[in-house]
Amino acid sequence: MKDVVVLAGTTPWSVLSLCKAAKKHGANTYCVCTGLSRPMDYSRSRYVTESYNVDKAELFRFWEDFFKIHQFQEKPILFAVYDGACLFVDENRDYYESHFDLCLPSSLIVKTFNDKSLAGDMAEANGMMVPKTINIECTSQVDEVCETFMFPVIVKPTTSDEHVKFKFKMQVFEDANGFRAFSKDLLENHCHFICQEYIKGGDADCKFYIFYRSKKGALVECMGEKTLQSNGIMTIGTTKYDEALASLCRAFIENIDYVGIGGIEVKYCNGQYYFIEMSTRTEGFVAISDMAEVSLANAAYLDINGGVLPRVKQIEGVKYVVSDSWISNRKRNKQYLLLFSEVLSMAFDGKSHFVTRFFNDKMFADYYKK
């Protein structure tokens, strides 16, 4: 069985899900952290054979030494778990395909869905409903939004690089004045962004569909609701099978011929599912598929090694809970009684699984100690 290399980010759960699946099949696992804001040591996990922190400028030299030292009998499998890693691998695709078996969709898919100014058009052309959207590059387009869009609207950077550079993932504006002021500051700082009509609804109306699809079109899937979010990031997720959502997403990924691990977020409103975004990487919360016994990491590992994808169906009502974010969210909103009731209900619920960031940046989930 092939060894695994993970281009690892600072969110540990996707990394450990991939490594756990490979280790169970007797493979060695290597985590390579590059381009991160702080060093990580994944070797603290029993599912990781070796962990490295490498300066991005030195990465190709690192690979030379890495392959000389390890002398792999077969090309290892490469997974990318954050957007920047997907893009970097895709930009140097010939090199990476010659050294690894890539779990990465086509170059067109990677480029398109990692640029929000392009993603909506491709999603709409392949059967998804997309909120009214405009790519903002100048003040005349700001005027167009104010004149033709229904408020509230939501503003998002077009790429992960601009998300990091300008330190926001999304902002919602209830009226034109707030939108104009915010847009003016962004344009003066040479930031291009998209503006969409905001699809109303609560956190539970945000649906996730994560999947692994093989070259032959075989599929393993996991879906549900983002029960609680913090700044757009899932803090509590609950598995809920939804045939309408599944049918929509299956048709979409078949239309674009997506091969590999991926994720789709939609928002449900007035009987419609609106496309929000697609991830071309292993989602940070992919551990929920392990908890629901439809492990996407295991499916990917088996398929790339020539095995048969298991025919599995998710366990319903499984909760993935990021403990520190959940507690912080409830405290910040002064929802102490709600927090107390949730603690009681989840403490006696065998379907609730807690992942947590330990002090001293150990960053490893309780779930992966099992």
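## Exercises on a predicted model

A287 counts as buried, with 0% relative accessibility (buried means under 20% relative accessible area, exposed over 50%, partly exposed in between, for a 1.4 Å probe and protein chains only). This is a predicted model, in which local features need pLDDT of at least 70, side-chain atom pairs count only at pLDDT 80 or more, and totals for chains, interfaces and linings use all residues. Residues are numbered from 1 along each chain as its sequence is written, and side-chain values use heavy atoms, with hydrogens and water left out.

**Exercise 1. Find the helix that holds A287, then give its C-alpha separation from Y52.**

Solution.
- Step 1: look up the element. A287 belongs to helix α11, residues 287–291 (helices, H or I, of at least four residues and strands, E, of at least two are DSSP runs, numbered from the N terminus).
- Step 2: take the distance. The C-alpha atoms of A287 and Y52 are 23 Å apart. Along the chain, 235 residues separate the pair.

**Exercise 2. Place E243, classify its exposure, and give its separation from V355.**

Solution.
- Step 1: E243 sits in helix α10, residues 243–255.
- Step 2: its relative accessible area is 39%, so E243 is partly exposed.
- Step 3: from E243 to V355, the C-alpha distance is 28 Å. The two are 112 residues apart along the chain.

**Exercise 3. Describe the surroundings of F79.**

Solution.
- Step 1: F79 is part of strand β4, residues 77–80.
- Step 2: with a relative accessible area of 2%, F79 is buried.
- Step 3: list the contacts (heavy atoms within 4.5 Å). Leave out residues up to four places away in sequence; F79 then touches V4, V5, V6, L7, L18, C103, I261, T282 and A300.
- Step 4: pick one partner. L18 is 61 residues from F79 along the chain, yet their C-alpha atoms are 8.2 Å apart.

**Exercise 4. How many disulfides does the structure hold? Why is C33 not bonded to C31?**

Solution.
- Step 1: recall the bond. A disulfide joins the sulfur atoms of two cysteines covalently.
- Step 2: count. The structure has zero disulfides (a disulfide is a pair of cysteine sulfur atoms within 2.5 Å).
- Step 3: check C31. Its nearest cysteine sulfur, in C19, is 3.9 Å away, and C31 is in no disulfide. C31 is buried, at 0% relative accessibility.
- Step 4: check C33. Its closest cysteine sulfur is that of C31, at 6.4 Å, which is too far for a bond. C33 is also buried, with a relative accessible area of 2%.

**Exercise 5. Describe how helix α7 packs against helix α9.**

Solution.
- Step 1: choose the two quantities. Packed helices are described by the angle between their axes and the distance between the axes.
- Step 2: read them. The axes of α7 (residues 139–148) and α9 (residues 176–188) come within 10 Å and cross at roughly 165°. Axes are lines fitted to C-alpha atoms, for helices over the stretch in contact, with angles from 0 to 180 degrees between N-to-C directions.
- Step 3: name the arrangement. The angle makes α7 roughly antiparallel to α9 (under 35 degrees is roughly parallel, over 145 roughly antiparallel, 65 to 115 roughly perpendicular, the rest oblique).
- Step 4: list the residues. On α7 they are T139, V142, D143, V145 and C146; on α9 they are A176, F179, R180, S183 and L187.
- Step 5: sort them. The contact has six nonpolar, two polar and two charged residues (Ala, Val, Leu, Ile, Met, Phe, Trp, Tyr, Cys and Pro are nonpolar; Asp, Glu, Lys and Arg are charged; the others, Gly among them, are polar).

**Exercise 6. Repeat the analysis for helices α13 and α14.**

Solution.
- Step 1: α13 (residues 323–332) and α14 (residues 336–347) have axes that come within 8 Å and cross at roughly 150°.
- Step 2: that angle makes α13 roughly antiparallel to α14.
- Step 3: α13 brings W326, I327, R330 and K331 to the contact, while α14 brings Y336, L338, L339, E342, V343 and M346.
- Step 4: the classes are seven nonpolar, no polar and three charged.

**Exercise 7. Locate H190, K334 and P152, and describe the backbone there.**

Solution.
- Step 1: recall the background. Most residues other than glycine have a negative phi, and most peptide bonds are trans.
- Step 2: H190 has a positive phi, near 60°. H190 lies in the loop between α9 and β9 (193–197) and is exposed, at 65% relative accessible area.
- Step 3: K334 has a positive phi of about 55°. Its place is the loop between α13 and α14, and K334 is exposed, at 66% relative accessible area.
- Step 4: the peptide bond from F151 to P152 is cis, with omega near 10°. P152 is in the loop between α7 and β7 (153–157).
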